[in-house]
2 protein chains.
Amino acid sequence: MPTDKNIDLTISEGHASPPPKAAKKILDVAYDLFYRRGIRAIGVDEIVKRAGVTKPSLYRSFPSKDELAASYLRQYDLEYWERFDEAVAAHPGDPRAQIKAFLTRIGKRTQVADYRGCGMTNAAVEYPDHSHPARMVSEANKQELRRRLRAMAVAMGAQDPDTLGDGLLLLIEGAYISGQLFGLGGPAQAVARNADLLIEASLKK
Amino acid sequence: MPTDKNIDLTISEGHASPPPKAAKKILDVAYDLFYRRGIRAIGVDEIVKRAGVTKPSLYRSFPSKDELAASYLRQYDLEYWERFDEAVAAHPGDPRAQIKAFLTRIGKRTQVADYRGCGMTNAAVEYPDHSHPARMVSEANKQELRRRLRAMAVAMGAQDPDTLGDGLLLLIEGAYISGQLFGLGGPAQAVARNADLLIEASLKK
DNA sequence: TGACAATGTTACCGATCGGTACGTATACAT
DNA sequence: ATGTATACGTACCGATCGGTAACATTGTCA
């Protein structure tokens, strides 16, 4: 079947053909609009208009709006773990400092006007149906987050690593949500402090 | 101006006229659909169909879909504080036990299939615009939650009550979100345990 | 019996939704 | 130059969106 839609947006290097420029523009615009205003709130017409392309161009690169939303989240996923790994790399062998660095960054990020939380979390709220393409990306991302946090709780020497890992996840999700709910001066700025208290209380004596 | 739409759904007692039956049916159905599937995902046509009424009936009782959504959240708000006050009343003068009771209940509630989190939180995610009627109800509810939690942190004798109150709020919001993200066996079941650890670590020595 | 308020009925509005049939322009290899 | 493939644009589709106009029907109370 020659109906292979070009979802793979890999930028071909050097001499190779630098293909679908439209697809990249579309995904960039969709990323911004979906994140800031919500997926359901944005129609494909607005996306193609802002991207300076036309609708058929969108549907040549993406099989549906739902799949475009999933692509947006896959991009979000990439950048999410980049940020996560930066915090980890900044404190080699010190998981507690890694967590603190990651949460301090989140806490800061929530303290800007019109902060919109986590794109993954938001997408899951918008699409309760577990079979929706966007939600599946979101759920996979969160499972991975849970896995990493629990592993770090083990490395920290927690009495009950699963409980601590999950507690950290709750604080993080709480920061994402309350960041967009309260705006400046909200509870999210206290996330790193509370996480550190929780860690301290969870270590083996 | 005689355009007083009947948003007040007070049930008149006894002999008084038991008016708008349609409005109640509409709000009940809207409540269920908005909560389970999301506000943006549900059209007014589906609401009136499931309620067994017609569209003009809806627009005689509610000025717009947005206002119907706000009414849904006002109802949600009422029931929310009912549940909160139940946990408080169960442990008079013992804020720590009150929190524990409230969070244990949340933790249990999240452990059912197709749990959909907090209607207030979800609405805020669906409507980033701060001027949207539904979002305004949601934000007011969360401000009140923050106020109460901080007051309870004071009553518990926390070293830094604002930080503890906000930490509890983060855990709660995290439970709402991860409850619907992870389904059974998710991190939300650990919310009460983590809250208690955090409280213990936050008290004056 | 008459008046009023609440609900129902039917039909409609313009706007927007996600998605597509089909013709055109451009690039490159031969 | 010509064929071939790929990318793009014009114009359109049916369905649904939130919302309304105009009128008929019902039940209640005076």
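**Entry 1: DNA strand D**

I sorted the surface near DNA strand D by class and found seven nonpolar, four polar and four charged residues, where near asks for a residue heavy atom within 4 Å and where Ala, Val, Leu, Ile, Met, Phe, Trp, Tyr, Cys and Pro count as nonpolar, Asp, Glu, Lys and Arg as charged, and the others, Gly among them, as polar. I note that this is a predicted model, in which local features need pLDDT of at least 70 and side-chain atom pairs count only at pLDDT 80 or more, while totals for chains, interfaces and linings use all residues. Residues are numbered from 1 along each chain as its sequence is written, chains are lettered from A and ligands numbered from 1 in the order in which they are written, and side-chain values use heavy atoms, with hydrogens and water left out.

Of the 15 residues around DNA strand D, I listed R60(A), V44(B), K55(B), Y59(B) and K65(B) as those that come nearest. Sugar and phosphate make up 45% of the strand D atoms that come within 4 Å of the protein.

I then looked up single atom pairs: a polar side-chain atom of T54(A) lies 3.0 Å from a phosphate oxygen of DNA strand D, and a polar side-chain atom of K55(B) lies 2.3 Å from a base oxygen of that strand. For K65(B), a backbone N or O atom lies 2.7 Å from a phosphate oxygen of DNA strand D. The elements giving two or more residues to this surface are α3 (55–61) of chain A together with α2 (44–51) and α3 (55–61) of chain B, helices being DSSP runs of H or I with at least four residues, numbered from the N terminus.

**Entry 2: chain B against chain A**

I recorded 46 residues from chain B and 46 residues from chain A in the contact, which means heavy atoms within 4.5 Å. The two chains bury about 3,700 Å² between them, 68% of it on carbon and sulfur atoms; this is the accessible area (1.4 Å probe) lost on being put together, summed over both.

I found two salt bridges between the chains, each a side-chain nitrogen of Lys or Arg within 4 Å of a carboxyl oxygen of Asp or Glu. One of them, at 3.9 Å from N to O, joins D160(A) and R193(B). On the side of chain B that touches chain A, α8(B) gives the most, with 15 residues.

**Entry 3: R146(A)**

I located R146(A) in helix α7 (residues 133–156) of chain A. Why does R146(A) count as buried? Its relative accessibility is 11%, and buried means under 20% (1.4 Å probe, protein chains only). Leaving aside neighbours within four places in sequence, R146(A) is in contact with residues including D166(A), F182(B) and P187(B).

Methods:
Buried < 20%, exposed > 50% of the residue type's maximum accessible area, 1.4 Å probe, protein only. Polar contact = N/O pair within 3.5 Å; in protein donor to acceptor, adjacent residues only side chain to side chain.
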